[in-house]
Amino acid sequence: MSLLLLLAALAVVGWLFWRARPQVKPAELLAALNSGQALLVDVREPAEWAAGTARGAALLPLSDLRGERRQWRPFLAENRDRRLLLYCQSGARSALAAAQLRREGVDARNAGSLAAVVGAGWPLGRGRS
């Protein structure tokens, strides 16, 4: 019985990691951002932004997307027809946010982690203090 529970737990963890993988390849990310076809969105929480963000990223926390949308509502109204490339610390929260936005008809994709975005060649910007 405990072996079955362990296997089930491993399957769930594996599925979560699979789901959190970036949906945008590094070359696609750079091309979309450089051409202005997409906007970069950091869905981490404000306390995390002080450590640094990707240059030019909109800072819109996942908690606001799932909550009152004080920041997300005007951003989405202004950018409804743009592709959104979302990232967070590991890629898990951005995967959740991208899936939620796609269900609402927004062209949103998980770009993965901040490290993946910077590793793709997009420069690091300044965090908020």
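**Exercise 1. The sheet**

How many bridges join strand β1 to β2? Work out the strand order too, and find the edges.

*Solution.* A quick note before we start: this is a predicted model, where local features need pLDDT of at least 70, side-chain atom pairs count only at pLDDT 80 or more, and totals for chains, interfaces and linings use all residues. Residues are numbered from 1 along each chain as its sequence is written, and side-chain values use heavy atoms, with hydrogens and water left out.

Step 1: Strand β1 (residues 38-42) and β2 run parallel and are joined by two bridges. Strands here are DSSP runs of E with at least two residues, helices are runs of H or I with at least four, and both are numbered from the N terminus. Two strands pair if DSSP finds at least two bridges between them.

Step 2: Pick out a bridge: valine 41 has alanine 58 in β2 as its partner.

Step 3: Lay out the sheet. It's open, with four strands in the order β2-β1-β3-β4 and parallel pairing. β2 (58-59) and β4 (108-113) each have a single partner strand, so one side of each lacks a neighbour in the sheet.

**Exercise 2. Helix α2**

Find which residues of α2 are buried, and what they pack against.

*Solution.* Step 1: Leu29, Ala32 and Leu33 are buried in α2 (buried is under 20% relative accessible area, exposed over 50%, partly exposed in between, with a 1.4 Å probe and protein chains only). They sit on the same side of α2, because they cover an arc of only 95° around the axis, taken over the directions from the helix axis to the C-beta atoms.

Step 2: Flip to the other side of α2, and you meet Ala27 and Asn34, which are exposed.

Step 3: The buried residues of α2 pack against β1, β3, β4 and α7 (114-119). Contact means heavy atoms within 4.5 Å.

Step 4: Look just past the end of α2: glycine 36 has a positive phi of about 80°.

**Exercise 3. Two buried residues**

Is alanine 38 buried or exposed, and what does it touch? Then do arginine 69.

*Solution.* Step 1: Alanine 38, in strand β1, has a relative accessible area of 5%, so it's buried.

Step 2: Skip its neighbours within four places in sequence, and alanine 38 contacts Ala32, Leu33, Arg82, Arg83 and Leu85.

Step 3: Arginine 69 lies in the loop between α4 (62-66) and α5 (72-79). Its relative accessibility is 15%, so arginine 69 counts as buried.

Step 4: Check the backbone. Most residues other than glycine have a negative phi. Arginine 69 has a positive phi, near 60°.
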